[in-house]
Amino acid sequence: MSGPERRRRWRAEERREILIEAFSPGAVVADVARRYDVSTSLIYKWRREVLAARDDVGFVPAVVVDGPEVARPAVARDPAIVVELPHGARVTISADTLPALVTATLRALR
């Protein structure tokens, strides 16, 4: 390579597409990086930036509501997390729920 070093500018849409592909289930970040001709460290940097921006959401108040008990499956124990949504829907997460499922659920509620 001769002349000045090349530096590409990635549009936000391109970054999002690469991040979605790189961190989808079963994907290998190095393979995605090779396909788009971008370094793996840059992909991880973009990911950190996106995650840092999401952390600036802040706190929301927790509300404890006494109400009628809802029938639960036999394996479920008392809920560890109950999220009340604005339209009256309720998400209940028990203590024995898989961590990956809890993470996915809470991210979807953002």
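These exercises walk through a predicted model of one protein.

**Exercise 1. Confidence and layout**

Task: State how confident the prediction is, and give the order of the helices and strands.

Solution.
Step 1. Start with the overall confidence. The mean pLDDT of the protein is 77. Of its residues, 70% reach 70 or more.
Step 2. Look at single elements. Helix 2, residues 29-36, has the highest confidence, with a mean of 95. Helix 4, residues 99-109, has the lowest, at 77.
Step 3. Keep a caution in mind. Where pLDDT is low, the predicted coordinates should not be read in detail.
Step 4. Count the elements. There are four helices and two strands. From the N terminus, they follow the order α-α-α-β-β-α.
Step 5. Add the burial. The protein has 110 residues, and 13% of them are buried.

**Exercise 2. How helix 1 meets helix 2**

Task: Describe the crossing of helix 1 and helix 2, and name the residues that meet.

Solution.
Step 1. Choose the quantities. Two packed helices are described by the angle between their axes and the distance between the axes.
Step 2. Read them off. The two axes come within 9 Å and cross at roughly 145°.
Step 3. Give the hand. Helix 1 passes helix 2 in a right-handed crossing.
Step 4. List the contacts. Helix 1 brings Glu 17, Ile 18, Glu 21 and Ala 22. Helix 2 brings Val 29, Val 32, Arg 35 and Tyr 36.
Step 5. Follow Tyr 36, which sits in helix 2. Setting aside neighbours within four places in sequence, Tyr 36 touches Arg 8, Trp 10, Glu 17, Ile 18 and Glu 21.
Step 6. Compare chain and space. Tyr 36 and Glu 14 are 22 residues apart in sequence, and their C-alpha atoms are 9.8 Å apart.

**Exercise 3. Two aromatic pairs**

Task: Find the aromatic pairs and classify each by its geometry.

Solution.
Step 1. Choose the description. A pair of aromatic rings is described by the distance of the centres and the angle of the planes.
Step 2. Apply the cut-off. Ring centres must lie within 6.5 Å. The count comes to two aromatic pairs.
Step 3. Take Trp 10 and Trp 46. Their centres are 5.7 Å apart, with 70° between the planes. Planes over 60 degrees apart count as edge-to-face, so this pair is edge-to-face.
Step 4. Place the two residues. Trp 10 is in the segment before helix 1 (12-22), and Trp 46 is in helix 3 (residues 40-54). They are 36 residues apart, so the pair links distant parts of the chain.
Step 5. Check burial. Buried means under 20% relative accessible area. Trp 10 has 16%, so Trp 10 is buried. Trp 46 has 3%, so Trp 46 is buried as well.
Step 6. Take Phe 23 and Tyr 44. This pair is edge-to-face too, at 5.6 Å centre to centre and 70° between the planes.
Step 7. Place them. Phe 23 is in the loop between helix 1 and helix 2, and Tyr 44 is in helix 3. The two are 21 residues apart.
Step 8. Check burial again. Phe 23 is at 30% relative accessibility, so it counts as partly exposed. Tyr 44 is partly exposed as well, at 36%.
Step 9. Add a charge. Arg 47 lies over the face of Phe 23, at 4.2 Å from the ring centre.

**Exercise 4. An unusual phi**

Task: Where does Asp 37 lie, and what is the sign of its phi?

Solution.
Step 1. Locate Asp 37. It lies in the loop between helix 2 and helix 3.
Step 2. Read the angle. Phi of Asp 37 is near 55°, a positive value in a residue other than glycine.
Step 3. Check exposure. Asp 37 has 46% relative accessibility, so it counts as partly exposed.

**Exercise 5. Around strand 2**

Task: Give the exposure and a C-alpha separation for Thr 92, Ser 94 and Asp 96.

Solution.
Step 1. Thr 92 lies in strand 2 (residues 90-94). At 45%, Thr 92 is partly exposed. Its C-alpha atom is 4.4 Å from that of Val 82, 10 residues away along the chain.
Step 2. Ser 94 also lies in strand 2. Ser 94 is buried, at 15%. Ser 94 and Ala 80 are 14 residues apart along the chain, with C-alpha atoms separated by 5.0 Å.
Step 3. Asp 96 is in the loop between strand 2 and helix 4. Asp 96 is partly exposed, at 43%. The C-alpha atoms of Asp 96 and Ala 80 are separated by 8.8 Å.

Key: Residues numbered from 1 in each chain as written. Predicted model: local features only at pLDDT ≥ 70, side-chain atom pairs only at ≥ 80, totals over all residues. Heavy atoms only, no water. pLDDT = per-residue confidence, 0-100. Phe/Tyr/Trp six-rings, centres within 6.5 Å; stacked < 30°, edge-to-face > 60°. Buried < 20%, exposed > 50% of the residue type's maximum accessible area, 1.4 Å probe, protein only. Lys NZ or Arg CZ within 6 Å of the ring centre and 35° of its normal. Axes fitted to C-alpha atoms, helices over the stretch in contact; angles between N-to-C directions. Left-handed = near helix turned anticlockwise from the far one by under 90°. Contact = heavy atoms within 4.5 Å.
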